[in-house]
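User: I'd like a close look at one part of this protein. Here is what I'm working from.

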Amino acid sequence: MTIMLTDRPSFQALEAHYRQIHQRHLRDLFAEDPARGERMHAEAAGLYLDYAKNRITDETLRLLVALAEDCGLRKRIDAMFRGDKINLTEERSVLHTALRAPRGKCLAAAAVPDAGKPVQRVLGHMAKFANQLRAGEWLGFTGKPICNIVNIGIGGSDLGPVMAYEALRRYSKRQLNFRFVSNVDGTDFKEATRGLSPEKTLFIVASKTFTTLETLANAESAKQWALKKLRDPAAVARHFVAVSTAAEEVTAFGIDTKNMFGFWDWVGGRYSMDSAIGLSTMIAIGPKHFLEMLDGFHAMDEHFRTAPFDRNLPVLMGLLTVWYNNFFGAQTVAVLPYDQYLKRFPAYLQQLTMESSGKGVTLDGEAIATYQTGPIFWGEPGTNGQHSFYQLLHQGTKLVPCDFIGFRQALNPLGRHHDLLMANVFAQSKALAFGQEAPAGEPYRNFAGNRPSNTILAERLTPAILGALVALYEHSVFTQGVVWNINPFDQFGVQLGKVLAQEILPSLARDAPLPEDDSSTVALLRWYRAG
């Protein structure tokens, strides 16, 4: 019989503690403990986490760590790194950590043969190809060097590469032009290829099974677009490569399997940006910087695997998310990077967190009825968000925990811009925490404060720091999943809509019979067909 989270004594102890402290104000907590800000921080892998502006005490942390221990977090961490099949619903190991383990350091190599050495082989294959292309040695069908790279994927095969390219654009080869297509809406493909020459364009088709509906639709359109100019079907082999394991389907498309970059079923899509899915990233920033990014991932992996829970950045952030989600009833988390290069980071985290934690059934198959699981993640880069939704953060009726991300050094120094940017990071977290009383008779000027936040700082945004940041959130999500007793590594929730879309598709033709369906769907189909 499953022990539900709310039945655990450790959870009930936290409930009692919450009732004692939930109305205490951060102003009072800081007044009672002047050294709180110096004490409540942790560092690892080049990141500095300040968690002092959370509505917690030392006792809160002790009880949260006790909850993690009670839920078996240590055993689950060890099992993941060991290569046990902790993705129970799909009977798979979960080994994204093997993608960034240094040569010979993959802990799961003994248990999972497809780890370690194969990863290094694929990285070598990627590096050889990336170097050829970056040097202008990979020529298109008409002998012209490639200068345009279009990545075609969806979900993790798009969000990771797009986010990484934007985040590391400062390190990219500017003579190369990168574009990304994911949406099956034809506008996405049309705009991505507008102004490009087929003779100088390479498409990376990213689909593990080479059956993903949206990706293949866009890939077929890309083939037609290219052959309209190049005409000879043999040109496909010089203008398309695949990130896939489906050799037969890749060959049938016209791609030479020598230019197929593989990965494995123990790599989930939203954990794949450091696998062959990151081929466009490696081409953009070069193999050296790509390996530095992997080093950053690995540094955070090792910290998560070995650090005590009360000094462990991902564990602390994961437990704080549980604290606000399950005790304060907070339904969202705002991620606020104060660096324009990280403009796609919140969107990337939406898939990582919500596809992982959006589950309503325990690992034992029991419906979750007594507690909430994953919160909604969202955000925008600062300072843009300050002139948009920060009004709600400061004075709205909803409690929204925030993660601020900032850097000591700017990658593009310009006058006092960076000082102004970072002044806003520190000011916003301070204003949320401490607020300000309104002048008499002007309640609309009142800032209640007591709004929690984390602040994550690093020296500068480098490939290694990006890797550490992504791994920080990966392992925070894992921590939450262990506490909630859910499987953060499957995503069956994305399937039903896809299946129904395939069933509905034939009914869109005007001469097709209308299906025997619910009255709303039939009415919508009738409206669409009448145009």
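Which helix supplies the largest share of the lining of the second largest cavity, and how many residues does that share hold? Please walk me through that cavity and the sheet the helix packs on.

Analyst: Keep in mind that this is a predicted model. The helix you're after is H12, which gives 3 residues to the lining of the second largest cavity.

Let's start with the cavity itself. Its volume comes to about 80 Å³. The lining includes His 298, Asp 301 and Glu 302, and H12 spans residues 279-306. Also on the list are Phe 81, Leu 95, Thr 97, Ala 98, Ala 101, Lys 105, Cys 106, Leu 107 and Ala 108. Sorted by class, that lining has 7 nonpolar, 2 polar and 3 charged residues.

Now for the sheet. It's an open one with 5 strands in the order E4-E3-E5-E6-E7, and the pairing is parallel. E4 (177-181) and E7 (260-261) are the edge strands: each has a single partner strand, so one side of each is left without a neighbour in the sheet. The partnership between E3 (residues 148-152) and E4 is parallel and rests on 5 bridges. One residue pair to look up there is Asn 151 with its bridge partner in E4, Phe 180.

H12 packs on this sheet and touches E3, E4, E5, E6 (240-243) and E7. Its direction makes about 165° with that of E4. Another helix to look at is H8 (residues 186-193), which lies across E4 and E5 (201-206) and runs at about 175° to E4. So as not to lose the thread: H12 is both a helix packed on the sheet and the source of the largest share of the second cavity's lining.

For context, here are the other cavities. Rolling a probe the size of a water molecule over the atoms shows where empty space is left. The count comes to 4 cavities of 30 Å³ or more. The largest cavity holds about 130 Å³ of space. It has 15 lining residues, and the closest to its centre are Thr 321, Val 333, Pro 401, Asp 403 and Asn 454. H13 (313-328), E10 (402-407), E11 (453-458) and H17 (463-484) each supply at least two residues of that lining, with the largest share, 4 residues, coming from H13. By class, the lining of the largest cavity splits into 9 nonpolar, 5 polar and 1 charged.

Note on methods: Residues are numbered from 1 along each chain as its sequence is written. This is a predicted model: local features need pLDDT of at least 70, side-chain atom pairs count only at pLDDT 80 or more; totals for chains, interfaces and linings use all residues. Side-chain values use heavy atoms; hydrogens and water are left out. Two strands pair if DSSP finds at least two bridges between them. Contact means heavy atoms within 4.5 Å. Axes are lines fitted to C-alpha atoms, for helices over the stretch in contact, and angles run from 0 to 180 degrees between N-to-C directions. On a 1 Å grid over the protein atoms alone, a cavity is a set of points where a 1.4 Å probe fits but cannot get out, and a pocket is an open set with protein on both sides within 12 Å along at least five of seven lines; lining residues have an atom within 4 Å of a point. Grid points are joined across faces, edges and corners, and a volume is the space filled by probe spheres set on the points. Ala, Val, Leu, Ile, Met, Phe, Trp, Tyr, Cys and Pro count as nonpolar, Asp, Glu, Lys and Arg as charged, and the others, Gly among them, as polar.
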